[in-house]
Structures are given as structure tokens and as C-alpha cells.
There are 2 protein chains.
Amino acid sequence: MLIAVDAAGGENAPREIVKGAIKAAQDYGVDIALVGNKAVLHVLAGRDIKKLNLKIFEAKDIIAPNEHPMRAVKTKPNSSIVIGTNLVRDGVASAFVSAGNTGAVVCSGLLSLGRVKGIERPALGSFLDITPSTPTLLIDAVANADCRPSHLLQFANLGSTYVKHLLDIEEPRVRLLNTGEEEGKGNRLMQESYDLLKRSGLNFIGNIEGQDISNRTADVIVTDGFTGNIVLKTIEGIGDSFINSLRQVGRVFSTAYHLRGRDLLKDLGLGSWAKKMDYREYGGACLVGINGNIIVAHGRSQAKAIRNAIGLAKQTVDRDICRIIREGNHDKTNSSD
Amino acid sequence: MLIAVDAAGGENAPREIVKGAIKAAQDYGVDIALVGNKAVLHVLAGRDIKKLNLKIFEAKDIIAPNEHPMRAVKTKPNSSIVIGTNLVRDGVASAFVSAGNTGAVVCSGLLSLGRVKGIERPALGSFLDITPSTPTLLIDAVANADCRPSHLLQFANLGSTYVKHLLDIEEPRVRLLNTGEEEGKGNRLMQESYDLLKRSGLNFIGNIEGQDISNRTADVIVTDGFTGNIVLKTIEGIGDSFINSLRQVGRVFSTAYHLRGRDLLKDLGLGSWAKKMDYREYGGACLVGINGNIIVAHGRSQAKAIRNAIGLAKQTVDRDICRIIREGNHDKTNSSD
């Protein structure tokens, strides 16, 4: 299995990307194709290229984080993002992982791979891994347009299928992110989406409120991309505040108790919590509903997050989820026609 | 100054409400009118009634947290919420504080006190007090209907005026909660609201993303009630997880370091952070844009949050913000006509 990795995307590219990719090759035994500046990648990957049989694809262009996604994708065919998605389209790579401009990755995925038949809009499913135990999938987090209830129904179907086959959950519990638990709550979009979800045949168990997101009472949380994006980033920001507090505490603590040099967060059992809140450690989000495997990593990803995102890509390929979605949706499209 | 307090609303009513009201009477020197079951309140308040000159108003009915707001307000004229808002309408009380059914408080405030001329929809402004330094106002968090761009412009005006006069900030920095910093980001509502805000004459300094909510780069964060409600509750949920983790840590820590019996969170300097994240400590949110002062406290409020909410009510009355909004808006309505 060859996984293409955007070595030019993200705040910590290319160094952390290369580090994470090498770690993934070692840990998961996958073949890696690095996409970026060939000369630089040769220096960074060094003798690991031969040892791990890394492939390197030259990408002369970079799409910056703030570039207009569609325009950038159309005018930069030699960017790492476009080349990476094309490797998937051409069957060279089984998946593409990028921490670059999310909008551009989505656009490039759409243009190059196309939507699954019957899907109006692909969705970004992000795993929330705040508490221990299995994570919850928040879908959608692509934030560029208004949603209709039919989109949310499709997000629910996509998310449910993804989680079912990735995590072996027989009937994923689907909830709708809303302002109250009762039916009839929320804005018009959510009220109408609730009605559709109730009749969907999915294991839809009602609304979920913001305070319960981390309570593990849902396997899939469905929302529109605007709300999803804001909620994800809010969690991110609070996580940052939390981690900063913990670091301060570490210093205060070592001074007060003369324990300098110990890993206090670890001693305190807070290390894993801090890590879970730190999106630099996240595994990435999957773009579902297109004909190919694309994993979007956080722009601030460091080596470990890239390694984890490649792990998620491998699992997504292993479980053949893209084919399952395509066939499942094809059946549904036919039978409902 | 007499402040009416809903002694029947919220998860911890009436005991914690009475405790908080007594504390507020002592700390702020305000007169308190408790609204609820007279017999019970006499038992709970005991000799403080005489000592602090507490007033008690009988309310035979209670509006439950999940009752349909408008229906409940219309069919329960003897509920603590309706009686409390009527005390403000009749000039008996200067403000009303309630931890009861938020929707019902908003409806009752609207029906009883009416909207300020020119305001289409009143808004709930909640202070986010996650980090030290002065708090940020998130407006709106009333979650029952779809917003138009003109609503968001009004929320911005209301929030800006409120913060300016409550916190003595000359030109409050207003930002729009959105999915990216650049103009043109977000859904249609946010794109059109951005245009209106740019031309508003307010100190509008652009979009703010979720991860920056706690960064103190805005004095007023404007959003629609749906998004505001979900963001507030998400912060709440993460705060809960955080506090639970800290408690666990406290236990692990005392066992590991043989420090049983010490207030470890306090020792660690995390106590204040935990408190800031704990909405049981919050001071409440102000319903702005109606002809009277209504403070909504969290349904899970304990004594301290009620005390703080009464403090916010006192400050709102002291600063005469309701009149300022009315006159300011009246001027604006006239001049723009």
C-alpha cells in the first residue's frame, strides 16, 4: 500500500511532515510517497529513503494556507496538493494525506476524484478524541457553504458507514448537534434535518447539545460544516488554554515541591489528557463521499499527528471504506429511484 | 435598589438561590425580593429576612426547564418567572435574575417589558470568562430561530453599547464569529453580516475563529443564537471534562506524594482556572434590547453564580444601560429614517 503525503503543506512542513512519514513507514509498514521539493526532501529523509524505500514526487508549487482554494487548485497544477490527489486518481497511491490548505485539498479531491454517485456534497469527518474510549466522529467540518437538510442526511449516512466499518460498531449511534435535546429545537435547518434523520433507517437517537459532545453518547455527531468548523476550533482553543495552564502548573509545582526535572504532567496522570486536547497530536479527518481516500491533517500538525493521520489513511484503505460507501450509496440511489 | 430573584428556577432551587441572594445582599448592599413558595422561602431565609430586609413574593406556579416557553408563560401567570418580570415592568424591582427556563424568561421579558424601539429581536449576551483579564461578551445565545444579517448588526450594536458602559471600554472591539479570518468566509449569513458590520460605524475589526475565542482579541463576539448557544455549551462541556480530570489528578497526586488533606488544586494554582471553566460559578447573561433589566443565570447555578448574577444585575442597573440603549437606539432609528 502506497500512501502519498503532502510534504509541503502545513505550518511545520517539510521537516515535521517527513519525520511523521518516516515514523509511519516504520510503525505501520506502509510505503510512503513524499510530494514536495525533491532536493529538500532528499536532504531531510537522507538514508531513510533507501532503508524504507520512500518514493519522492517533485511538486514545484505550494498552495499557501490563505489562498482561495478553487482558484489555487486550478492555477497550480504542479502544487503538492494537486499532484498528491492525482496520484490517488491515477491509482499510483491508495490515499493522500495533507496538512495543507483544507479548502484546496477538498477542491482538488472533488475535481480530481469526483463525488460518489448520489452524494451532493462530500464531508469532512473529524474524530473527537477528548475523553478516553473510542472517539466520536463529527461530520461535517467543511465550512464554505450553506447546507440543506438533505446534505445533513447524507453526512449522517456517510459518517455512519465510515464509523461502522472503521471501528467495527454495528449500529453507530447518530445524533444531531442542536440547541436542545427535544424534537423541534434549533433553527429551521436542524428541525427539518431531524425529521429526515428520524425516517432515515439509521440508528438516529436524537439531538445532542454542545455540553455533551465529549460525553461519548454518540458515535456520529451530524452538523452543518459552518457549525462543525466553529465547534472543532473552539475545542481546539480551549485545549490550548488548558495545556498552557498545565505547563504553568508544572513550573509552579516543581518549584513548590522541589521536584525539578521530573515529568510532572506525566506523574500527575495529566499527560494523556493534555495530549488528547492537543490537536498537534490529532490523527486527521477523512474526506468522505469522494471516489478516493483523502485524509486532512491539522495545519499545525507535528510529526506525531502526521504519523497518526497516515495510520488513519491506512486503516481507511484496509477497510475498503471508499468502495463500501460507493456500493452502498449506489444501491440506495438505485432503490430509491 | 430592589432586585427580584427567581427562587424557583434552576436545578438547585430554592436552596442555592436563597443562599446566593443572601450573599449578594450582604456583599453588594442591594435589596432582594425572592419570588417563589412563600412558606419554603421563610424557612430557608430564616432570620436573614429581617436582618437583610428581604422581600418575599408568592409564586404558586413553576415553569419546568423543558416546558414550551411561550405556552408556559401564557398559561402560568402565577409562575415565578412571570411574576418576576412583572415586578420589573411595574417598577417594583430594578432587575430580575432567573436560573429558570431560559426560553420562558426571554418570552416573559418580551411580553411583559417589550422590545426597545427599533430592535427586531432582543439578544442574550454572555460573558466568557475563560482567561484572566476582562471578559469577552458573546452575543447572541438565544437559540430559537433563524437570524438575518440585520439581526446580527443589532446584536453587535447592543453588545457594543452594553460592554462600553458596563466595563468602561471606550471603543469595544467587535468581531464576527466565523470560519476564517478573511472577508468572504463563512455561510451566507456571515458574509452578509460582515458587510453590514463593516459599514456600521462600530469598531468592527473582522472575523474571529473558534480557536481564538479565549484569546482576548475581542470585547464583543457577534454570532447568531444557534451558533452562540452551541459554542457556549461546548465550552461548558470541555470545562466539565477538565474539572473532572483535575479532581482525578488531585487524588492521584495526594496518593503519590503523601500530601493527603491539602487543597491540591489550589496549591497547584489551578483552582482559579477550574473555577473560570465552571459555569456553576458564572455570573449570568444579560438579555439586552428589551425595556428592563433581565439577567439569565445558568440552570445549574449554585449560590456563588447566583450571587455573581445579582452583582451583574446591580452593575447593569447602576450604569443605567437599559436607558442608554433605548435612547441611543431611538436616536439611531430617527436619524436613519
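Which element gives the most to the lining of the second largest pocket? Let's work up to that one after a little groundwork. What you have here is a predicted model, where local features need pLDDT of at least 70, side-chain atom pairs count only at pLDDT 80 or more, and totals for chains, interfaces and linings use all residues. Residues are numbered from 1 along each chain as its sequence is written, chains are lettered from A and ligands numbered from 1 in the order in which they are written, and side-chain values use heavy atoms, with hydrogens and water left out.

Back to the pocket. A pocket is an open set of points on a 1 Å grid over the protein atoms alone, with protein on both sides within 12 Å along at least five of seven lines, and a lining residue has an atom within 4 Å of a point. The second largest pocket holds about 1,500 Å³ of space, where volume is the space filled by probe spheres set on the points, and grid points are joined across faces, edges and corners. Its lining has 50 residues, and nearest the centre lie A:T102, A:N229, A:K233, B:T179 and B:E209. Four elements of chain A give two or more residues to this lining: α4 (69-75), α6 (102-113), β5 (123-128) and α9 (225-257). Those names come from DSSP runs numbered from the N terminus: helices (H or I) have at least four residues and strands (E) at least two. And the opening question? α9(A) gives the most, with four residues. Sorted by class, the pocket lining has 20 nonpolar, 20 polar and ten charged residues. Here Ala, Val, Leu, Ile, Met, Phe, Trp, Tyr, Cys and Pro count as nonpolar, Asp, Glu, Lys and Arg as charged, and the others, Gly among them, as polar.

Now for the closed spaces. Rolling a probe the size of a water molecule over the atoms shows where empty space is left. A cavity is a set of grid points where a 1.4 Å probe fits but cannot get out, and the model has four cavities of 30 Å³ or more. The largest has a volume of about 70 Å³. It is lined by 13 residues, with B:V288, B:G292, B:N293, B:C322 and B:I325 closest to its centre. In chain B, β10 (285-288) and α13 (321-336) are the elements that give two or more residues to that lining. Nine of the lining residues are nonpolar, four are polar and none is charged. Over in chain A, the second largest cavity has about 60 Å³ of space. Among the residues lining that cavity are A:V288, A:G292, A:N293, A:C322 and A:I325. β10 (285-288) and α13 (321-336) of chain A each give two or more residues there, and the lining divides into seven nonpolar, four polar and no charged residues.

Next, follow a strand. In a regular strand the side chains alternate between the two faces of the sheet. In β6 (residues 136-139) of chain B, B:T136 and B:L138 point one way, B:L137 and B:I139 point the other way, and all are buried. Buried means under 20% relative accessible area, exposed over 50%, and partly exposed in between (1.4 Å probe, protein chains only). Two strands pair if DSSP finds at least two bridges between them. β6(B) pairs with β5 (residues 123-128) of chain B in the antiparallel sense over four bridges, and with β9 (residues 220-222) of chain B in the parallel sense over three bridges. On the β5 side, B:G125 stands opposite B:I139; on the β9 side, B:L138 stands opposite B:I221.

Finally, look at some backbone oddities. Most residues other than glycine have a negative phi, and most peptide bonds are trans. A cis peptide bond joins A:A13 and A:P14, with omega about -5 degrees, and another joins B:A13 and B:P14, with omega about -5 degrees. B:P14 sits in the loop between β1 (2-6) and α1 (15-28) of chain B. B:D168 is not a glycine, yet its phi is positive, near 55 degrees. Is B:D168 buried or exposed? B:D168 counts as exposed because its relative accessibility is 57%. B:R216 also has a positive phi, of about 60 degrees, but B:R216 counts as buried because its relative accessibility is 16%.
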